[in-house]
Amino acid sequence: MELTVLGQSQTTAPAAGGCASSGCGSNDDQLNHLPEHIRAKVHNHPCYSEEAHHHYARMHVAVAPACNIQCHYCNRKYDCSNESRPGVVSELLTPDQAVKKVMTVAANIPQMTVLGIAGPGDPLANPERTFDTFRQLTEKAPDIKLCVSTNGLALPELVDELCKHNIDHVTMTINCVDPDIGAQIYPWIFWKNRRVYGRKGAEILIKQQQKGLQMLVDRGILVKVNSVMIPGVNDKHLEEVSKAVKAKGAFLHNVMPLIAEAEHGTFYGVMGQRGPTHDELQELQDACSGDMNMMRHCRQCRADAVGMLGEDRGDEFTMDKIEAVDVDYAAAMVKRAEVHAAIEATLAAKQQKKNETFISLSSLSIPKKESRPVLMAIATSGGGIINQHFGHAREFLIYEANAHDVRFISHRKTDLYCSGDDTCGDGESVLQKTINALKGCEVVLCSKIGYEPWGMLEEAGIMPNGEHAMEAIEDAVAAVYKEMGEKGLLDKKPETKQRATA
Amino acid sequence: MALQIVDGCVNCWACEPLCPSKAIYAAIPHFLIDAKKCTECDGDYADKQCASICPVEQVIVDSQGEALNPPGSLTGIPPERWEQVRAEIQAR
């Protein structure tokens with residue numbers, strides 16, 4: 001097998017990452033206002049801290065196949081290796097296999113600080129398998145934090161068992177607090193040895209979720225709430241959800257777009273339920289952010305993802321490869337501690353630099369009059385720098401520049417959730433898909449770009465720009481915004497060019 | 001008197017721990033029910049447990065081959081309303 005050797009791969013370089021925007025959260029880290037003891041719990045959790053996700057990695061082990069509810073966005077046939085979305089895995093593991101895998105990955109990717117169980121079903125619908133995995137890891141790998149993602153139905157009865165393990169965080173998926181809306185999302189739940197349908201089932205689920213959330217908060221566990229935004233179903237309702245879960249004490253709310261394609265075989269996919277547009281998602285995230293911390297760096301990982309957010313190295317750690325490896329975990333822990341210390345030092349230095357040199361656009365003498373905000377897409381392969389060829393980018397980081405600052409908004413994937421062959425999609429060209437994914441952006445910053453995509457981007461009203469190659473993202477975005485201001489491009493609405501019909 | 005798991009099972013494991021008779025076992029290509037052990041939950045539960053959690057329609061059948069979860073029962077949309085509901089959903 002070919003697992004990477006410590007010290008000889010980029011995986012040990014603390015700054016390397018799947019998403020390398022130094023600016024996710026640079027607009028003052030979203031966690032800054034949290035009390036110190038909470039920050040201490042999340043500072044190295046890539047799914048909870050925007051800053052951490054540039055430096056620390058996570059993994060999921062797929063030990064929990066069964067589910068106790070049905071969601072219309074989920075298909076229980078989950079083994080497509082080409083898809084990257086929650087609920088999908090390639091290989092189901094026993095708890096013993098999972099423990100071996102986690103320790104092997106921890107030894108090879110020392111930045112991996114968090115092990116999550118997220119399915120492919122519901123971890124708490126598989127309590128024996130989930131808790132056996134946690135029990136073994138708490139004992140054998142005490143430097144790994146454990147977390148779990150659940151629909152909450154079984155949470156109240158299992159919360160005390162859950163709290164016995166090395167768990168600081170729990171993610172709950174809460175899509176509604178209104179059973180009439182729930183009935184449109186959950187066709188049934190399995191409850192007290194019966195299947196309960198429709199509104200009645202949704203009502204029980206919502207009650208259990210709210211009760212479970214309260215119990216976790218009472219026990220000092222940090223709770224992140226995930227919500228799937230489903231246009232026409234719960235999109236108008238999620239602001240209320242945001243308020244409700246914040247009132248109960250959830251510390252982070254993550255609104256994710258519905259992923260629904262006919263080829264996924266989900267009810268919504270087959271029925272043609274659409275997902276939100278980038279604009280709709282962003283608008284809702286902005287609306288909810290008034291109420292609580294919003295999270296914008298979520299990549300909606302598979303239930304067996306391995307590595308930094310935005311990357312999946314699961315293929316390097318399949319069971320056939322892992323079974324052949326002997327892990328010296330005591331030695332690995334020493335190495336891991338060194339790597340974590342180096343990351344912490346990098347972060348501390350960065351924080352200090354930020355405190356010393358706070359760059360604001362106003363210092364760049366942008367005309368103060370009401371210049372409109374502009375979205376820009378960035379191609380980067382890491383380090384917070386514009387260093388990727390347009391054609392090589394599998395995701396773009398989206399930044400918004402306005403008269404006052406530059407902020408990270410989201411990431412957009414070019415190969416939306418599927419990297420399968422031509423039969424896995426509607427035959428649209430990759431380039432056209434990429435351009436569609438960049439809708440709403442006015443500029444693309446990349447290290448280089450080919451002639452054909454340049455023309456097509458221009459045609460679509462998006463200006464390609466390779467002049468800022470190897471520059472820091474925020475600085476380049478600020479500079480381009482300034483140039484646009486000087487050219488008088490910020491006074492008026494962007495030209496709504498007729499899109500190419502090709 | 002025994003239930004059967006037929007083609008379409010996605011091997012999600014949900015039924016296996018619920019069976020009061022331990023009649024369900026993992027197999028290839030999909031889980032199976034030991035007909036000698038299955039009691040159809042008689043005396044243990046009002047509802048047949050495997051059929052109450054199975055997420056796929058028409059996969060658990062009785063000794064007559066009749067599906068315990070017929071088409072439309074799990075989505076909540078009977079087949080004759082499918083097109084109308086699809087149109088409603090697509091209008092969202």
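Let me start with strands β8 and β9 of chain A, residues 222-229 and 252-257, which in this predicted model pair in the parallel sense over six bridges. If you want one position to orient yourselves on, take A:Met229, which stands opposite A:Pro257 in β9(A). Between the two strands the chain passes through helix α7 of chain A, residues 238-248, and this β-α-β crossover is right-handed.

Staying with β9(A) for a moment, I would describe this strand as mostly covered, since six of its six residues are buried. In a regular strand the side chains alternate between the two faces of the sheet, and that invites us to look at each side in turn. On one side we find A:Leu252, A:Asn254 and A:Met256, on the other A:His253, A:Val255 and A:Pro257, and all of them are buried, which leaves both faces of β9(A) covered.

Now to the crossover helix itself and what it packs against. Two packed helices are described by the angle between their axes and the distance between the axes. For α7(A) and helix α9 of chain A, residues 278-289, the angle is about 35° and the axes are 9 Å apart, and the crossing of α7(A) and α9(A) is right-handed. Which residues of α7(A) and α9(A) meet here? From α7(A) they are A:Leu238, A:Glu239 and A:Ser242, and from α9(A) they are A:Leu284, A:Ala287 and A:Cys288. By class, this contact of α7(A) with α9(A) is made up of four nonpolar residues, one polar and one charged.

Let me move along chain A to an open sheet, whose five strands come in the order β13-β12-β11-β14-β15 with mixed pairing. The edges are taken by β13, residues 406-413, and β15, residues 463-465, and each of them has a single partner strand, so one side of each is left without a neighbour in the sheet. On average, and ignoring direction, neighbouring strands of this sheet are turned by 25° against each other. At the β13(A) edge, the partner is strand β12 of chain A, residues 395-401, which runs antiparallel to β13(A) and is joined to it by seven bridges. Within that pair, A:Ile398 stands opposite A:Ser410 in β13(A).

One single residue of chain A is worth a short stop, and that is A:Ala332, placed in helix α11, residues 329-356. Is A:Ala332 buried or partly exposed? A:Ala332 is partly exposed, because 19 other C-beta atoms lie within 10 Å, whereas a buried residue would need 20 or more. Leaving aside neighbours within four places in sequence, A:Ala332 is in contact with A:Ala106, A:Ala107 and A:Val327. The C-alpha atoms of A:Ala332 and A:Pro110 are separated by 7.8 Å, although the two residues are 222 residues apart along the chain.

That brings me to a group of strands in chain A that will lead us over to chain B. Strand β2 of chain A, residues 69-70, runs antiparallel to β6(A) and is joined to it by two bridges, with A:Ile69 standing opposite A:Ile189 in β6(A). On to the next pairing: β6(A) and β7(A) are also antiparallel, here with four bridges, and A:Trp188 stands opposite A:Tyr197 in β7(A). These two strands, β6(A) and β7(A), form a hairpin with two residues between them, and A:Lys192 in the turn has a positive phi of about 50°.

The hairpin strands return at the contact between the chains, to which chain A gives 22 residues and chain B gives 19 residues. On the side of chain A that touches chain B, at least two residues each come from β6 (188-191), β7 (194-197) and α8 (267-271), and β7(A) gives the most, with three residues. Divided by class, the residues on this side of chain A are 10 nonpolar, seven polar and five charged.

Finally, a few words on chain B, whose secondary structure comes to two helices and four strands, arranged along the sequence in the pattern β-β-β-α-β-α. Along its principal axes, the C-alpha trace of chain B spans about 50 × 30 × 20 Å. How much of chain B is made up of buried residues? They make up 27% of its 92 residues. As for the contacts in chain B with a separation of 6 or more, 49% of them are accounted for by residues 24 or more positions apart.

Note on methods:
Residues are numbered from 1 along each chain as its sequence is written. Chains are lettered from A and ligands numbered from 1 in the order in which they are written. This is a predicted model: local features need pLDDT of at least 70, side-chain atom pairs count only at pLDDT 80 or more; totals for chains, interfaces and linings use all residues. Two residues are in contact if their C-beta atoms, placed from the backbone, lie within 7 Å. Ala, Val, Leu, Ile, Met, Phe, Trp, Tyr, Cys and Pro count as nonpolar, Asp, Glu, Lys and Arg as charged, and the others, Gly among them, as polar. A residue is buried if 20 or more other C-beta atoms lie within 10 Å of its own, exposed if 12 or fewer, and partly exposed in between; C-beta atoms are placed from the backbone. Two strands pair if DSSP finds at least two bridges between them. A crossover is right-handed if, with the strands pointing away from the viewer, the path from the first strand over the helix to the second runs clockwise. Axes are lines fitted to C-alpha atoms, for helices over the stretch in contact, and angles run from 0 to 180 degrees between N-to-C directions. A crossing is left-handed if the near helix is turned anticlockwise from the far one by less than a right angle, and right-handed if clockwise.
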